[in-house]
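Open the model in your viewer and keep the sequence panel visible. The stops below say what to select and what is there.

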Amino acid sequence: MVEINQVIMLRPTQSPIVFIQQLGRGLRKADEKEYVVVLDFIGNYKNNFMIPIVLSGDRSYNKDTIRRYVMEGSRVLPGSSTIHFDEISKIKIYAAIDRLSTPRKMLIEKYNLLKDRLGKIPSIIDFYEYGEIDPLLFINYSGTYHSFLQMADKDYQVQLTENENVLLEFISQNVASGKRVYELLMLRQFLNYVNFVKGNRRL
């Protein structure tokens, strides 16, 4: 095995796997090797948030989850792997996480993968059960999952009224995150026990 103590980055990437493969060549242990020097000429260091993503195996791209991996390190990593981020590294990775935006291309790729797997248009719940991405990212990107589907999938033909769109956007933006559990409980009660009738139309 070739011993490497210096890595020169000349290839930009948005892929966590490629990024960690590039960095990992220099992270291999060797006798009398204390550290690796990384020379980054194209700004891959700006994507250092990908390090905890790859090491944890979590592909949700949820910012809070990524921060937890950086904060708690080895305690939340699977297997026997260990990792420690020094304080300067943590500050830089947190800053990169704050700047993290979800690329449209990645959302569409993740959506199409699950659609092909299920053989149908996935519901938002399907991403919680089968997907590798936080479904809230679809909502954050488009306002509602309905809006994302209209943009991304020509097979999706559902049309909502203006009032239905307003209601769905309100619930998506204010309740879907689940951070206030009592709101979810209230919504479940609402759906289970209350019927609203407008004329002869059940809403």
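**Stop 1: Tyr128**

Select Tyr128, which is partly exposed, with a relative accessible area of 49%. The model is a predicted one. Tyr128 sits in helix H6, residues 124-129. Leaving aside residues up to four places away in sequence, Tyr128 touches Pro135, Leu136 and Ala176. Now add Ser60: the C-alpha atoms of Tyr128 and Ser60 are 9.7 Å apart, although the two are 68 residues apart in sequence.

**Stop 2: the nonpolar core**

Next select Phe49, Tyr111, Phe127, Ile133, Phe138, Tyr145 and Phe148, the residues with the most contacts inside the largest nonpolar core, which has 30 residues. Then colour the elements that give two or more residues to this core: strand E1 (6-9) and helices H1 (16-27), H2 (50-56), H3 (63-72), H4 (87-99), H5 (104-118), H7 (136-142) and H8 (145-152).

**Stop 3: aromatic pairs**

Stay with the rings. The count comes to seven aromatic pairs. For one of them, show Tyr111 and Phe148: the ring centres are 5.7 Å apart and the planes are at 75°, so the pair is edge-to-face. Tyr111 belongs to helix H5 and Phe148 to helix H8, so this pair ties together parts 37 residues apart in sequence. Are these two residues buried or exposed? Tyr111 counts as buried at 0% relative accessibility, and Phe148 is buried with a relative accessible area of 0%.

Move to Phe127 and Tyr145, whose ring centres lie 6.1 Å apart with planes at 80°, so this pair is edge-to-face. The pair links distant parts of the chain, with Phe127 in helix H6 and Tyr145 in helix H8, 18 residues apart. Phe127 is buried at 2% relative accessibility, and Tyr145 is buried at a relative accessible area of 10%. To finish this stop, display Tyr111, Phe127, Phe138, Tyr145 and Phe148 together; ring pairs link them into a cluster.

**Stop 4: H3 against H4**

Hide the rings and select H3 and H4. How are these helices arranged? H3 and H4 pack at an angle of about 175°, with their axes 10 Å apart. That angle makes H3 roughly antiparallel to H4, because the cut-off for this class is over 145 degrees. On the H3 side, pick Lys63, Ile66, Arg67, Val70 and Met71; on the H4 side, pick Lys90, Ile93, Tyr94, Ile97 and Asp98; these residues make the contact. By class, the contact has six nonpolar, no polar and four charged residues.

Notes: Residues numbered from 1 in each chain as written. Predicted model: local features only at pLDDT ≥ 70, side-chain atom pairs only at ≥ 80, totals over all residues. Heavy atoms only, no water. Helix = DSSP H or I, 4+ residues; strand = E, 2+ residues; numbered from the N terminus. Buried < 20%, exposed > 50% of the residue type's maximum accessible area, 1.4 Å probe, protein only. Contact = heavy atoms within 4.5 Å. Core = buried A, V, L, I, M, F, W, Y, C linked by side-chain atoms within 4.5 Å. Axes fitted to C-alpha atoms, helices over the stretch in contact; angles between N-to-C directions. Parallel < 35°, antiparallel > 145°, perpendicular 65-115°, else oblique. Nonpolar A, V, L, I, M, F, W, Y, C, P; charged D, E, K, R; others polar. Phe/Tyr/Trp six-rings, centres within 6.5 Å; stacked < 30°, edge-to-face > 60°.
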